[in-house]
Amino acid sequence: MHDRALDEYFAEFEPPEDLRAELLRREILLTGGTDIVHHRIVSDVTDQIPHDR
């Protein structure tokens, strides 16, 4: 997608409820809301990743 077309698309884009959309490095990034359920899910997933390398 050309830069201008992406900018126009993003300007009109309405993310689904409870999601936030950002345009980063020419990609649309959707992130979860700031509610407690989202934080618990992120915490549970993070706990599954080994901390020492």
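Five residues make up a nonpolar surface patch in this predicted model: Ile-36, Val-37, Ile-41, Val-45 and Ile-49. Together they offer about 480 Å² of accessible area. One of them, Ile-41, sits in helix 2, which spans residues 36-47.

Turn now to the strands. Strand 1 covers residues 19-24 and strand 2 covers residues 27-32. The two run antiparallel and are joined by six bridges. Within this pairing, Ala-21 has Leu-30 in strand 2 as its bridge partner. In a regular strand the side chains alternate between the two faces of the sheet.

The two strands form a hairpin with two residues between them. Which residues lie in the loop between strand 1 and strand 2? Arg-25 is found there, and so is Arg-26. Both backbones deserve a look. Most residues other than glycine have a negative phi. Arg-25 is not a glycine, yet its phi is positive, at about 50 degrees. Arg-26 also has a positive phi, near 65 degrees, and is likewise a residue other than glycine. Their accessibilities can be read off in turn. Arg-25 counts as exposed because its relative accessibility is 80%, and the threshold is over 50%. Arg-26 has a relative accessibility of 38%, so it counts as partly exposed.

Next come the salt bridges. How many salt bridges does the structure have? The count comes to three. Begin with the contact that leaves the hairpin loop. Asp-7 and Arg-26 meet through their side chains in a salt bridge, with an N to O distance of 2.9 Å. Asp-7 belongs to helix 1, while Arg-26 belongs to the loop between strand 1 and strand 2, so the pair ties together parts that are 19 residues apart in sequence. At 37% relative accessible area, Asp-7 is partly exposed. Arg-26, at 38%, is partly exposed as well.

Another salt bridge lies within helix 1, which runs over residues 3-12. Here Glu-8 pairs with Arg-4, and their closest N and O atoms are 3.4 Å apart. The two residues are four apart, about one turn of the helix. Glu-8 is partly exposed, with 43% relative accessibility. Arg-4 has a relative accessible area of 65%, which makes this residue exposed.

The remaining pair is Arg-20 with Glu-22. Their closest N and O atoms are 3.4 Å apart. Glu-22 is partly exposed, at 28% relative accessible area.

Now the aromatic rings. The structure holds one aromatic pair. The rings of Tyr-9 and Phe-13 have centres 5.8 Å apart. Why is the pair called tilted? Their planes meet at 35 degrees, and only angles under 30 degrees count as stacked and those over 60 as edge-to-face, so this pair falls into the remaining class. Both partners are partly exposed: Tyr-9 has a relative accessible area of 43%, and Phe-13 has one of 23%. For Phe-13, the label holds because buried means under 20%.

One last stop is Ala-11 in helix 1. Is Ala-11 buried or exposed? Its relative accessible area is 65%, so Ala-11 is exposed. The C-alpha atoms of Ala-11 and Leu-23 are separated by 9.7 Å. Along the chain, Ala-11 and Leu-23 are twelve residues apart.

Definitions and conventions. Residues are numbered from 1 along each chain as its sequence is written. This is a predicted model: local features need pLDDT of at least 70, side-chain atom pairs count only at pLDDT 80 or more; totals for chains, interfaces and linings use all residues. Side-chain values use heavy atoms; hydrogens and water are left out. Patches are made of residues with over 30% relative accessible area and no salt bridge: like charges are joined within 9 Å, nonpolar side chains (Val, Leu, Ile, Met, Phe, Trp, Tyr) within 5 Å. Accessible areas come from the Shrake-Rupley method with a 1.4 Å probe; for residues, only the protein chains shown count as cover. A salt bridge is a side-chain nitrogen of Lys or Arg within 4 Å of a carboxyl oxygen of Asp or Glu. Two strands pair if DSSP finds at least two bridges between them. Rings of Phe, Tyr and Trp (its six-membered ring) pair if their centres lie within 6.5 Å; planes under 30 degrees apart count as stacked, over 60 as edge-to-face and the rest as tilted. Buried means under 20% relative accessible area, exposed over 50%, partly exposed in between (1.4 Å probe, protein chains only).
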